[in-house]
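This report walks through one protein chain. Please look over the sequence and the structure first.

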Amino acid sequence: MFGLTTLAANKLPLGNMLFIIISFLLLMYILKLVAYGPLTKVLDERADKISADIDGAEIARQDAEKLAVQRQSELADTRQQATKVVADAKASAQKQSDSLISTASDRATLINKQAQTDAEKLKEDAISNAKNDVAALSVAIASKLMQKELSLNDQQALIDAYISDLETK
């Protein structure tokens, strides 16, 4: 088809060479459109996907670290709150204990004062009764003396008799 012209030095057919070069370039262009273009597109997409997966994994790792730090912080806060609750409970128990002790002490003091008051009243009553008894005894002795004159021994016997009467009452 093509003319058989040859190159003077190499004796190569020029027509076949041009046909092969054009065919090769045409084949390369078709391969670029059909094979290399889609292949490079798929490879680029895969590289982008791998890069996105790596970026996603890095973001997930950072999120996991943030969550771990947050969990540790919340755990520390929870421990602190628990410690505060225990301290508040201890303080409340101590306050109740102090209140009960104070109330008991006040009641004991009141009972002690009441007992002292009752003892004083009983003492006063006893003294008053003794005075009344002594007065009655004195009057009885005086009336007996007026009725008769007694000797010293008779007076002593009369006093002893009245004292024994008082002891039996």
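How much accessible surface does the protein have, and what share of that surface belongs to carbon and sulfur atoms? The accessible surface comes to about 14,900 Å². Carbon and sulfur atoms account for 62% of it.

## Model and confidence

The model is predicted. Its mean pLDDT is 83. A pLDDT of 70 or more is reached by 82% of the residues.

Residues 1–9 are another matter. Here pLDDT stays under 50. For this stretch the model has 10 contacts beyond four places in sequence.

## Overall architecture

The secondary structure consists of two helices and zero strands. Helix α1 covers residues 14–147. The protein has 169 residues, and 4% of them count as buried.

## A nonpolar surface patch

Which residues form a nonpolar patch on the surface? The members are I21, F24, L25, M28, Y36, L39 and L43. Together they offer about 680 Å² of accessible area.

M28 is one of these patch residues. M28 sits in helix α1. Its relative accessible area is 33%, so M28 is partly exposed. That value also satisfies the patch criterion, because patch residues need over 30% relative accessible area.

## Salt bridge between D53 and K49

How many salt bridges does the structure hold? There are three.

One of them pairs the side chains of D53 and K49, at 3.3 Å from N to O. Both residues belong to helix α1. They are four residues apart, which means about one helical turn separates them. Are the two partners buried or exposed? K49 is exposed, at 53% relative accessible area. D53 is partly exposed, with 44% relative accessibility. The cut-off for exposed is over 50%, so K49 passes it and D53 does not.

## The network around R61

R61 takes part in a salt bridge with E58, at 2.3 Å from N to O. These two residues are three apart in helix α1, so they lie about one helical turn from each other. R61 also meets E65 in a salt bridge, this time at 2.4 Å from N to O. E65 and R61 are four residues apart in helix α1, again a separation of about one helical turn. Through shared partners, the salt bridges join E58, R61 and E65 into one network.

How accessible are the network residues? E58 has a relative accessible area of 33% and is partly exposed. R61 is partly exposed as well, at 39%. E65 reaches 43% relative accessibility and also counts as partly exposed.

## Summary

The predicted model has two helices and zero strands. Helix α1 carries the D53 and K49 pair. The R61 and E58 pair also lies in helix α1, as does the E65 and R61 pair. Patch residue M28 belongs to helix α1 too. Residues 1–9 have pLDDT under 50.

Note on methods
Residues numbered from 1 in each chain as written. Predicted model: local features only at pLDDT ≥ 70, side-chain atom pairs only at ≥ 80, totals over all residues. Heavy atoms only, no water. Patch = residues over 30% accessible without salt bridge, like charges linked within 9 Å, V, L, I, M, F, W, Y side chains within 5 Å. Areas by Shrake-Rupley, 256 points an atom, 1.4 Å probe, with all protein chains shown as cover. Salt bridge = Lys/Arg side-chain N within 4 Å of Asp/Glu carboxyl O. Buried < 20%, exposed > 50% of the residue type's maximum accessible area, 1.4 Å probe, protein only. pLDDT = per-residue confidence, 0-100. Contact = heavy atoms within 4.5 Å.
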